[in-house]
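I opened this notebook to record what I looked up in one structure, taking the cysteines before the rest of the chain.

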Amino acid sequence: SFVATNTTHSIDLLNVAGSTTDMYHSVWSGACPALTLVAGTCSDPNNSIVTGLTVGVTYYIRVYTWSATAGATSTFNVCVGTPPPPPANDNCSAAQVLTPGGVFADNPVVGTNIGATDSGETAPTCANYQGGDVWYQVTVPASGNITIETGTNGSSFDTGLAVFSGSCGSLVQVGCSDDATGVYSLVSLTARTAGEVLLVSVWEFSNDAFGTFQVSAYDASL
């Protein structure tokens, strides 16, 4: 159990070992034995972000193995922490500018979803969007064509990517990608208006893992 000191806490199962290492955890409120599951806290990955907590309230973490194999044993450590502040580009209005190059490797930037929140913008239609998006913007070059792609920053990270026209608060999706290149995403647009500013949302599939990635915009005409 832990007493919430923030409305958002991170939970990590560390040093998992034993005959069964596929773990599951969830967060509960109330008093034993009449506990209530905190909505959205069931997690198969060993790390999760729990939001909507009440400061000063005691919460309970339930940890169990994924399988029901008789006699299975597991050991682990539990760490409860406070996530860092949201990234600077957590919201559409603070979208980070991407500089288009000729290929992905020309001008990639490193992004993170650690501490990211739900922006409240139009929900993308792919990659099981569950919040935790970060935002970018890119200006369409003279060719009218632009490709936006995510890639690794050293470790695997399952991204979703959506591209929108319009302005924050009234966006129209023009492309959405889940696993275009392995676990990474790619949206390629043609016949757009030169000089048009497109807005780009990136998130992690199901919003149940946290880390870094690369994102880049490019077109062969450049």
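**Disulfides**

I began with the link of C126 and C176, which is left-handed, with -85° about the S-S bond. This pair ties together distant parts of the chain, since C126 sits in the loop between β9 (109-112) and β10 (134-139) and C176 in strand β13, 50 residues apart. I noted that the model is a predicted one, and that the S to S distance of C126 and C176 in it is 2.0 Å. I then checked the cover on both ends: C126 counts as buried because its relative accessibility is 15%, under the 20% limit, whereas C176, with a relative accessible area of 25%, is partly exposed.

Next I asked myself which residue C92 is joined to by a disulfide. The partner is C168, with 2.0 Å from S to S. The torsion about the S-S bond of C92 and C168 is about -80°, so this disulfide is left-handed. Here too the pair links distant parts of the chain, with C92 in the loop between β7 and β8 (96-97), C168 in the loop between β12 (159-167) and β13 (170-177), and the two positions 76 residues apart. C92 is buried at 4% relative accessibility, while C168 is partly exposed at 34%.

I wrote down the count as two disulfides, and, when the bonded cysteines are numbered in sequence order, the pairing reads 1-3, 2-4. I also looked up C32, which is in no disulfide and has the sulfur of C42 as its nearest cysteine sulfur, 17 Å away. C32 is exposed, because its relative accessible area of 54% is over the 50% limit. C79 has a relative accessibility of 35% and counts as partly exposed.

**The chain as a whole**

I then stepped back to the overall description, in which the protein has zero helices and 16 strands. The C-alpha trace spans about 65 × 35 × 25 Å along its principal axes. Of the 222 residues in the protein, 41% are buried, and about 10,300 Å² is exposed, with carbon and sulfur atoms supplying 53% of that area. Among the contacts with a separation of 6 or more, 78% come from residues 24 or more positions apart.

**Cores**

I asked how many residues the largest nonpolar core has. The number is 21, and the residues with the most contacts inside this core are L98, Y136, V138, I146, I148, V163 and V200. The elements that give two or more residues to this core are β10, β11 (146-151), β12, β14 (186-189), β15 (197-204) and β16 (212-218). Another core, of eleven residues, lies apart from it and includes C92, A95, C126 and W135. As background I noted that in soluble globular proteins nonpolar side chains tend to be buried together.

I listed the neighbours of V138, leaving out residues up to four places away in sequence, and found L98, P100, I146, I148, E196, V197, L198, V200 and A217. I did the same for V134, which lies in strand β10 and is buried, with a relative accessible area of 0%. V134 touches P87, N89, T112, A116, V200, S201, V202 and F213, again without residues up to four places away in sequence. For a longer distance I took V134 and T5, which are 129 residues apart in sequence and 25 Å apart in space, C-alpha to C-alpha.

**Salt bridge and surface patch**

I looked for salt bridges and the count came to one. In it the side chains of R192 and E196 meet at 2.9 Å, N to O. Is E196 buried or exposed? E196 counts as buried because its relative accessible area is 18%, under the 20% limit, whereas R192 is partly exposed, with 25%. E196 also appears among the residues that V138 touches.

My last entry concerns the surface, where F76, V78 and V80 form a nonpolar patch with about 200 Å² of accessible area together. F76 belongs to strand β7 (residues 74-81) and is partly exposed, at 31% relative accessibility. That value is over the 30% which a residue needs to join a patch, so F76 can be included.

Definitions and conventions
Residues are numbered from 1 along each chain as its sequence is written. This is a predicted model: local features need pLDDT of at least 70, side-chain atom pairs count only at pLDDT 80 or more; totals for chains, interfaces and linings use all residues. Side-chain values use heavy atoms; hydrogens and water are left out. Patches are made of residues with over 30% relative accessible area and no salt bridge: like charges are joined within 9 Å, nonpolar side chains (Val, Leu, Ile, Met, Phe, Trp, Tyr) within 5 Å. Accessible areas come from the Shrake-Rupley method with a 1.4 Å probe; for residues, only the protein chains shown count as cover. A salt bridge is a side-chain nitrogen of Lys or Arg within 4 Å of a carboxyl oxygen of Asp or Glu. Helices (H or I, at least four residues) and strands (E, at least two) are DSSP runs, numbered from the N terminus. Buried means under 20% relative accessible area, exposed over 50%, partly exposed in between (1.4 Å probe, protein chains only). A disulfide is a pair of cysteine sulfur atoms within 2.5 Å. Contact means heavy atoms within 4.5 Å. A nonpolar core is a set of buried Ala, Val, Leu, Ile, Met, Phe, Trp, Tyr and Cys residues joined through side-chain atoms within 4.5 Å.
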